[in-house]
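Open the model in your viewer and keep the selection tool at hand. The stops below go from one selection to the next, with a short account of what is found at each.

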Amino acid sequence: MFPLGAAFGLLVVQSGLDWWWALVFSVLVYAGSMEFLAVGLVVAVTPLPQLALTTFLVNFRHVFYALSFPLDRVRGRAGKTYSMYALTDEAYALTAGRPGVSLSSARVLWLQAFCQAYWVAGSVAGALLGSWLAVDLLGLAFTLTALFVVLAMDAMRVERDLPGPVLALFCALLALLVAPGQMLVTGMGLFVAALCVRFVLQKARRDANA
Amino acid sequence: MPDNAYLMAASLTMFAVTFALRSLPFAVLRPLRDSALIGYLSSHMPAGIMVILVVYTLRGVSLSEAPHGLPEILALVVTVALHLWKRNAVASIIVGTAVYVAVVNLVFV
């Protein structure tokens with residue numbers, strides 16, 4: 001968590017934002033991949049509705065974390081609120097991914113607090129380092145590409161479904177052709193629509209076979 | 001360059017959407033659990049969304065002009081190969097980025 005946070009902090013100052021925005025993003029947004037993506041989006045002064053839609057699509061995966069995250073173990077309203085706010089991919093993987101382990105309320109909360117502390121400390125360290133060194137190293141934004149490649153590979157390993165990612169690639173390239181200025185939202189919109197169609201077709205086929 | 005008011009509004013927007021996605025499902029758990037479409041989307045969206053984000057981050061790369069996307073291709077190959085081999089996310093990202101930074105700063109200057 002710390003090295004990735006540092007890479008994020010470095011990217012913030014390299015993009016021309018003040019170092020403390022790394023802290024604000026890490027505390028308020030606290031969703032690693034979205035934070036990386038947000039740097040480019042806010043530098044381009046992306047309209048807020050579009051930013052909201054992008055956040056929704058990128059972070060939609062969190063919806064299903066609720067089904068198996070052990071929130072019932074966390075006691076107190078404040079504890080539960082923090083636990084939901086800090087329900088990142090890592091926090092989910094470290095808790096819900098281990099069904100045999102019984103976790104106490106304090107254990108879940110400390111685990112989440114440590115995850116966030118590492119991330120916030122890393123991003124501030126990276127941002128401060130970047131603004132003190134003041135070197136303009138070309139190509140650091142590739143961190144973002146590499147991050148999404150790795151996340152895509154990890155997700156594919158879980159899904160074991162090749163047509164989905166291929167469909168997504170096609171939607172992305174199509175969006176690049178027809179709406180280069182709105183590529184992100186167009187590509188994701190097309191992809192979600194395509195998935196819905198695929199779901200209906202598969203269901204129809206299953207019903208026909210049944 | 002964006003001003004501070006816009007940056008704050010942008011941060012709050014992302015906070016609101018992210019927190020809603022993380023908290024609302026706990027309140028409306030049952031209909032979600034029963035919805036086959038939501039289940040299908042949440043298991044099939046992540047990989048595809050990440051693929052779209054990869055394309056998005058590479059949208060400025062020109063294949064027709066020098067260096068014809070060679071630094072990107074090289075760094076992508078290294079990132080993918082290392083991740084297939086070691087499955088260590090942080091190592092794959094840092095080594096892939098280091099290769100890219102080295103190539104664009106030392107080779108194609």
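Two residues are in contact here if their C-beta atoms, placed from the backbone, lie within 7 Å. Please keep in mind throughout that this is a predicted model.

**Stop one: the two chains together**

Colour chain A and chain B separately, and then select the residues where they meet: 59 residues of chain B are in contact with 71 residues of chain A. On the side of chain B that touches chain A, the elements giving two or more residues are α1, α2, α3 (36–57), α4 (70–86) and α5 (89–107) of chain B. The largest share of that side, 19 residues, is contributed by α3(B). If you colour this side of chain B by residue class, you will find 41 nonpolar, 15 polar and three charged residues.

**Stop two: the helix α1(B)**

Select residues 4–27 of chain B, which form the helix α1 with its 24 residues, and follow the 34 Å from the first C-alpha to the last, a span close to the 34 Å expected at 1.5 Å a residue. Where along this helix should you look for a bend? Centre the view on Leu21(B), at which α1(B) bends by about 30°, and note that Pro25(B), a proline, follows within four residues. Both Leu21(B) and Pro25(B) are among the buried residues of α1(B), a list including Leu7(B), Met14(B), Val17(B) and Phe19(B) as well. To see what covers these buried residues, show α2 (20–28), α3 (32–43), α4 (48–58) and α5 (77–85) of chain A, which are included in the cover together with α2 (29–34) of chain B.

**Stop three: the domains of chain A**

Now hide chain B and colour chain A by its assigned parts, domain 1 (2–160) and domain 2 (161–210). Their centres, taken over C-alpha atoms, are separated by 26 Å, and eight residues of domain 1 are in contact with six residues of domain 2. On the domain 1 side of this contact, α4 and α8 (142–159) of chain A each give two or more residues, and α4(A) gives the most, with four.

**Stop four: the largest nonpolar core**

Bring chain B back and select Val12(A), Phe148(A), Ala152(A), Met50(B), Val51(B) and Ile52(B), which touch the most other members among the 80 residues of the largest nonpolar core. The element that gives the most to this core is α8(A), with eleven residues. Finish at Val12(A), which, leaving aside residues up to four places away in sequence, touches Leu17(A), Trp19(A), Trp21(A), Ala22(A), Val39(A) and Ala127(A).

Conventions:
Residues are numbered from 1 along each chain as its sequence is written. Chains are lettered from A and ligands numbered from 1 in the order in which they are written. This is a predicted model: local features need pLDDT of at least 70, side-chain atom pairs count only at pLDDT 80 or more; totals for chains, interfaces and linings use all residues. The expected span of a helix is 1.5 Å times one less than its number of residues. The bend at a residue is the angle between axes fitted to the seven residues ending there and the seven starting there. A residue is buried if 20 or more other C-beta atoms lie within 10 Å of its own, exposed if 12 or fewer, and partly exposed in between; C-beta atoms are placed from the backbone. Ala, Val, Leu, Ile, Met, Phe, Trp, Tyr, Cys and Pro count as nonpolar, Asp, Glu, Lys and Arg as charged, and the others, Gly among them, as polar. Domain bounds come from an automatic or database domain assignment. A nonpolar core is a set of buried Ala, Val, Leu, Ile, Met, Phe, Trp, Tyr and Cys residues joined through C-beta atoms within 7 Å.
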